[in-house]
Amino acid sequence: MQLFWHRRDPRTRDNAGLAAAARAGTTVPVFVCDANLFETTGARKRAFFLRHVERLAERYRELGSDLIVRAGDPENVLVELADEYGAESVFYNEYYRPERRRRQRAVEEALADAGVETDARTDAVLVDPGRLEERYPNHGRFRDDWAAVPKSEPYPEPEPDALASVQDEGVSGSDLGSGSDFGSDSGSGLVDFADLNADLDLDAEADIDLPEPGYRAARERFDGFLDGGIRSYADTRDDLSRAVEAPTLAVSRMSPYLAVGAIGIREVWADATDAFEAATGDERRNVDKYRDELSWREQMYHLLYYNPDLAATNYKSFPNPIAWRDDDAAFEAWTAGRTGYPLVDAGMRQLNAEGYVHNRPRQVVASFLTKHLLIDWRRGARHFAERLIDHDHASNHGAWQWTASTGTDSVDVRIFDPVAQAAKYDPDARFVKAYVPELRDVPAETVVDWPTLSRREREALAPDYPHPIVDRDEGYERAQRVFEEALGKR
Ligand SMILES: Cc1cc2nc3c(=O)[nH]c(=O)nc-3n(C[C@H](O)[C@H](O)[C@H](O)COP(=O)(O)OP(=O)(O)OC[C@H]3O[C@@H](n4cnc5c(N)ncnc54)[C@H](O)[C@@H]3O)c2cc1C
């Protein structure tokens, strides 16, 4: 008998550690609600994740088993459960976020002391970062090495007879209360997340509508994208009009599901590769671009693996400190989507309303904060971590550093011009108008040029919309100067 410890992988399909446990013999699936870890997760993503745990428990019950859910420190809980079920070993998947690594070490020591074996697998990524070199000068070089490593096929879901016929009675109850839709109204044996939340003093309620949770919902969304969007992905991924018209075709919007681990990365990769092989001509280039984006995700994990303090410390070293500004009013305007830069504000309002931001405005808002406003990227990254449902420790901090020019970008100082970006990617202002109602009646070309209009013109056109909080050219030049000073070039 063995335990499988579910961590950030609430799925039975394409789960490396679970498949390995099931191959070894009868397996008891376990999830430990770890309050310390949850406290560092934004409420929206925590709620989204917990809904997945509930779907996972349902799936186990369909397979004639159950998910054993306990609250506490995993190192204590797993030793107790190993004893209770007479398990000789505990299987799980590897994660690279420092808190998770520390937790894993504590679990391994406690289980070793108790005479229980452990078995950790690579699951979150296609290629174990430990198989690659420590540092790459650019994405192309990373991708070459990464592409040369053979990728596993998706792991099969365990057969029902490989799963222990257990019933979870550790946490039981019937009503989740307060309008939540992830409850069940039958009796004992069922996981009650409201009780868990009360015990842990966590609020699993999100302040926004969350996407449908679970593997099936993730699968459905990806199937829709494979049927259509992927074949024009390279050409349409930056088209913000299309992102408004057909949000899950212009791009996949798989990031929330990948971030909580609802679907396995090998499954996504295998399907994208089948689509690539079936495609001809121009479609082939489009599909391959999607696979390239997945390799960016892999590079971010690689970066975190070798730089565990990615969330706290500049990746690049600077001879002089970067003269970040402390400007609470500007930061608040940025978070509220009231900077007077329409594309920045639309992106931030998308974040507030959906817990998701399209990649193009995501780059623009991050650049605006760290360059035009010169506010430390760590403050922006923390805000994103609290608000995004697709928050991923590696991708968020790696991308913030890239955008802030403290990360892996091969360009010394990159500054996105928020007006030029709007002109290029949202010329019809469809994206801006979808999120900034104050500008709905303003002609598109005027929306694009908004920060360049006179005060009087702006007041006449949209009196409720703010004036730019920083001058476009002054902000640009100040950022250029500050970074050149930090780089010792002035
Ligand atoms: C400042 C900033 C913060 C970011 N924070 C996150 C984050 O917390 N979580 C997150 O998943 N992505 C993050 N990204 C990367 C990217 O914006 C999102 O992955 C993408 O917008 C998700 O939408 P999608 O699923 O429709 O992407 P698609 O365009 O459909 O891409 C497919 C998948 O590839 C991966 N991907 C694409 N671009 C990147 C990238 N640059 N880095 C890493 N993975 C990528 C994602 O898993 C994504 O789901 C961030 C980017 C920036 C600039």
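How many residues of the lining of the largest pocket are nonpolar, how many polar and how many charged? The lining divides into 17 nonpolar, nine polar and 11 charged residues. The exercises below treat this pocket, a cavity and a sheet in a model that is predicted.

**Exercise 1. Describe the largest pocket and the elements that line it.**

Solution.
- Step 1: Begin with the volume, which is about 1100 Å³ for the largest pocket.
- Step 2: Turn to the lining, made up of 37 residues. Nearest the centre of the pocket lie Glu-293, Trp-296, Asn-359, Ser-395 and Ala-399.
- Step 3: Assign the lining to elements. At least two residues each come from helix H12 (255-260), helix H14 (281-306), helix H17 (359-372) and helix H19 (393-403).
- Step 4: Find the element that gives the most. This is H14, with eight residues.

**Exercise 2. Locate the sheet within the annotated domain and give its strand order.**

Solution.
- Step 1: Take the domain from the record. An unreviewed UniProt entry places "domain: Photolyase/cryptochrome alpha/beta" at residues 1-126.
- Step 2: Look at the make-up of that stretch. Over residues 1-126 the chain is 49% helix and 21% strand, and the C-alpha atoms at the two ends are 28 Å apart.
- Step 3: Order the strands. The open sheet has five, in the order E3-E2-E1-E4-E5, with parallel pairing. Strand E3 (68-71) and strand E5 (117-121) are the edges, each pairing on one side only. From one strand to the next, the twist averages 25°.
- Step 4: Examine one pair. Strand E2 (residues 27-33) runs parallel to E3, joined by four bridges. Within this pair, Phe-31 has Val-69 of E3 as its bridge partner.

**Exercise 3. State which strands helices H1 and H3 meet, and at what angles they run.**

Solution.
- Step 1: Follow helix H1 (residues 16-24), which lies across strand E1 (2-6), E2, strand E4 (89-93) and E5. The angle between H1 and E4 is about 155°.
- Step 2: Follow helix H3 (residues 43-62), which packs on the sheet and touches E1 and E2. The direction of H3 makes about 160° with that of E2.

**Exercise 4. Describe the largest cavity and its lining.**

Solution.
- Step 1: Count the cavities. The whole structure contains six of 30 Å³ or more.
- Step 2: Take the largest cavity, whose volume is about 400 Å³. Its lining has 27 residues, and those nearest the centre are Arg-8, Leu-37, Lys-45, Arg-97 and Arg-100.
- Step 3: List the elements that give two or more residues to this lining: E1, E2, helix H2 (35-39), H3, helix H5 (98-113), H14 and H19.
- Step 4: Sort the lining of the largest cavity by class, which gives 12 nonpolar, five polar and 10 charged residues.

**Exercise 5. Find which residues of the annotated binding site line the largest cavity.**

Solution.
- Step 1: Read the annotation. The unreviewed UniProt entry marks Tyr-233, Tyr-290, Asp-390, His-391 and Asp-392 as "binding site".
- Step 2: Compare this set with the lining of the largest cavity, which takes in His-391 and Asp-392.
- Step 3: Place Asp-390 along the chain. Asp-390 sits in the loop between helix H18 (377-387) and H19.

Technical notes:
Residues are numbered from 1 along each chain as its sequence is written. This is a predicted model: local features need pLDDT of at least 70, side-chain atom pairs count only at pLDDT 80 or more; totals for chains, interfaces and linings use all residues. Side-chain values use heavy atoms; hydrogens and water are left out. UniProt positions are given in the numbering used here, feature names are shortened, and annotations may be inferred rather than shown by experiment. Two strands pair if DSSP finds at least two bridges between them. Axes are lines fitted to C-alpha atoms, for helices over the stretch in contact, and angles run from 0 to 180 degrees between N-to-C directions. Contact means heavy atoms within 4.5 Å. On a 1 Å grid over the protein atoms alone, a cavity is a set of points where a 1.4 Å probe fits but cannot get out, and a pocket is an open set with protein on both sides within 12 Å along at least five of seven lines; lining residues have an atom within 4 Å of a point. Grid points are joined across faces, edges and corners, and a volume is the space filled by probe spheres set on the points. Ala, Val, Leu, Ile, Met, Phe, Trp, Tyr, Cys and Pro count as nonpolar, Asp, Glu, Lys and Arg as charged, and the others, Gly among them, as polar.
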